[in-house]
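Biologist: Please take a close look at one charged pair in this model and describe its setting in detail. I should then like to see how it compares with other charged pairs and with the interior.

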Amino acid sequence: LLGSPDLASRRWVWEQYDSQVGADTVVRPGMAAGVVRVHGTAKALAFTSDVTPRYVRANPVQGGRQAVAEAFRNLCAVGARPLATTDNLNFGNPEKPEIMGQFVGALKGIGEACAALDMPIVSGNVSLYNETDGSGILPTPTIGAVGLLASVDQIIAGRPAEGDMAVLVGETRGHLGQSALLAEAFGIEAGDAPPVDLAAEKRHGTFIRANRAAIRACTDLGDGGLALAAFEMAEGAGTGLWIDSAETGFLFGEDQARYLLAVAPEALDGLKAAAGAAGVPLALVGQFGGANVTFGADAAPMAELSPFTAAPLPRHSAFDAAAGGSCRPAAHPRADPRLSPAIAGPGRRLPCHACRRCRQPPLGLGPGRLCRLRHGGRHVSRRRQPVEPCRHRLRAGRRPGADRSRAGRGFY
């Protein structure tokens with residue numbers, strides 16, 4: 001799961017962009033929701049975007065509900081009160097009955113969830129006929145949501161500290177249908193999507209916001225269940241963790257309306273009392289600390305697990321295809337895995353910014369664009385604006401400085 005392109009860290013994408021414009025960013029990308037200050041006030045706004053397409057395909061109504069519910073949870077996890085949503089409805093050809101069925105079912109689920117969680121749709125767009133060779137995309141009704149913090153001081157944005165207790169909010173039944181574990185580890189997408197109890201979602205989210213003072217860190221549970229959420233919290237804090245069970249459904253089940261909290265030991269009793277009064281299921285499931293990730297009797301060093309999630313997406317990109325499977329990207333290339341690996345043939349006119357040596361267009365625009373293949377070449381625009389050299393390692397059989405000609409340097 002850690003190395004899956006669907007679940008791994010997106011750091012290699014968002015760190016390429018300025019997330020600190022105006023110095024108003026309070027919570028940077030990588031958390032459940034981003035948070036920015038509102039100029040001239042003590043307030044802050046939280047933003048998130050969520051959907052699980054395989055849920056929508058399996059059960060459009062529950063999948064639509066879950067997209068809204070997860071956005072709701074992500075906002076509550078940073079202490080924000082959810083305000084409103086926008087939808088981005090991406091589907092295949094609606095002239096096909098099964099696609100139209102997905103569309104109608106998802107809208108029904110989204111409508112029910114927005115009404116129950118008091119998060120009205122205030123804008124949105126629709127994109128249909130998304131197909132390739134007659135095969136439609138997975139139904140993807142993305143939900144963007146915004147929440148309000150009356151004061152920046154109300155943000156739940158801490159990291160687990162050594163010795164903090166791992167506390168699970170919500171009921172765990174071990175639902176594995178359409179789970180990330182089945183899809184990624186076994187290639188199986190079977191079973192129903194997890195049911196979404198909207199009343200429980202609202203009750204648990206309200207509990208999190210009402211007890212923010214007792215919570216050091218919080219995340220919702222989604223893809224990968226408790227195991228992945230606990231790992232991400234611990235890895236972000238640079239510490240290990242211990243979960244007291246190794247049962248598959250408990251670790252990887254994707255039951256909804258759940259949160260994982262990091263709570264200081266002295267605050268645990270008060271939080272339990274508040275949960276009992278609110279009728280919210282709450283259980284102590286482990287502890288943060290140490291250098292290992294431990295599930296029951298199974299343990300592995302955090303230092304060995306962290307690299308799997310650091311930058312795996314380029315490993316699934318066009319680099320391997322372009323180099324016949326022989327090339328691996330550098331630790332952090334600016335690569336778009338959707339780019340075609342096709343290389344312009346001899347005699348064909350190259351794009352104005354194409355590298356003369358590998359005959360490929362650069363990856364990205366502006367200063368910093370890179371060659372797709374690692375040969376030490378440089379890219380220069382028609383105006384001869386110099387940019388940084390290719391950062392990729394040299395391919396087999398090539399050596400640095402092997403071609404110092406004008407064409408080899410990448411002039412067009």
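Modeller: R73 counts as buried, at 0% relative accessibility (buried means under 20% relative accessible area, exposed over 50%, and partly exposed in between, with a 1.4 Å probe and protein chains only). E201 is likewise buried, with a relative accessible area of 0%. The model is predicted, so local features need pLDDT of at least 70 and side-chain atom pairs count only at 80 or more, while totals for chains, interfaces and linings use all residues. Numbering runs from 1 along each chain as its sequence is written, and side-chain values use heavy atoms, without hydrogens or water.

The side chains of R73 and E201 meet in a salt bridge, with an N to O distance of 2.7 Å (the criterion is a side-chain nitrogen of Lys or Arg within 4 Å of a carboxyl oxygen of Asp or Glu). R73 belongs to helix α3 and E201 to helix α6, so the contact ties together parts of the chain that are 128 residues apart in sequence (helices are DSSP runs of H or I with at least four residues, strands are runs of E with at least two, and both are numbered from the N terminus). Elsewhere, R54, D223 and E254 are joined into one network by salt bridges that share partners.

The whole structure holds nine salt bridges. In one of them, the side chains of R57 and E189 meet at 2.1 Å, N to O. R57 is located in helix α2 (residues 53-58), whereas E189 sits in the loop between α5 (180-185) and α6 (198-210), so this pair connects parts that are 132 residues apart in sequence. R57 has 40% relative accessibility and therefore counts as partly exposed. E189, at 42%, is also partly exposed.

Helix α3 takes part in a further bridge through R65, whose partner is E112; their closest N and O atoms are 2.8 Å apart. The two residues link distant parts of the chain, with E112 in helix α4, R65 in helix α3 (residues 60-77), and their positions 47 residues apart. With a relative accessible area of 27%, E112 is partly exposed.

A nonpolar counterpart to the buried pair is found in strand β12 (residues 259-263). Five of its five residues are buried, so the strand is largely enclosed by the rest of the structure. Y259, L261 and V263 point one way from β12, whereas L260 and A262 point the other way; all of these are buried. Strand β9 (residues 165-169) pairs with β12 in the antiparallel sense over five bridges, where pairing requires that DSSP finds at least two bridges between two strands. In this arrangement M165 stands opposite V263 of β12. Strand β10 (residues 217-220) also pairs with β12 in the antiparallel sense, over four bridges. There, D220 stands opposite Y259 of β12.

These elements belong to a protein with eleven helices and 15 strands. Of its 412 residues, 48% are buried. To return to the pair requested, R73 is among the buried residues, as is E201, whereas R57 and E189 are partly exposed.
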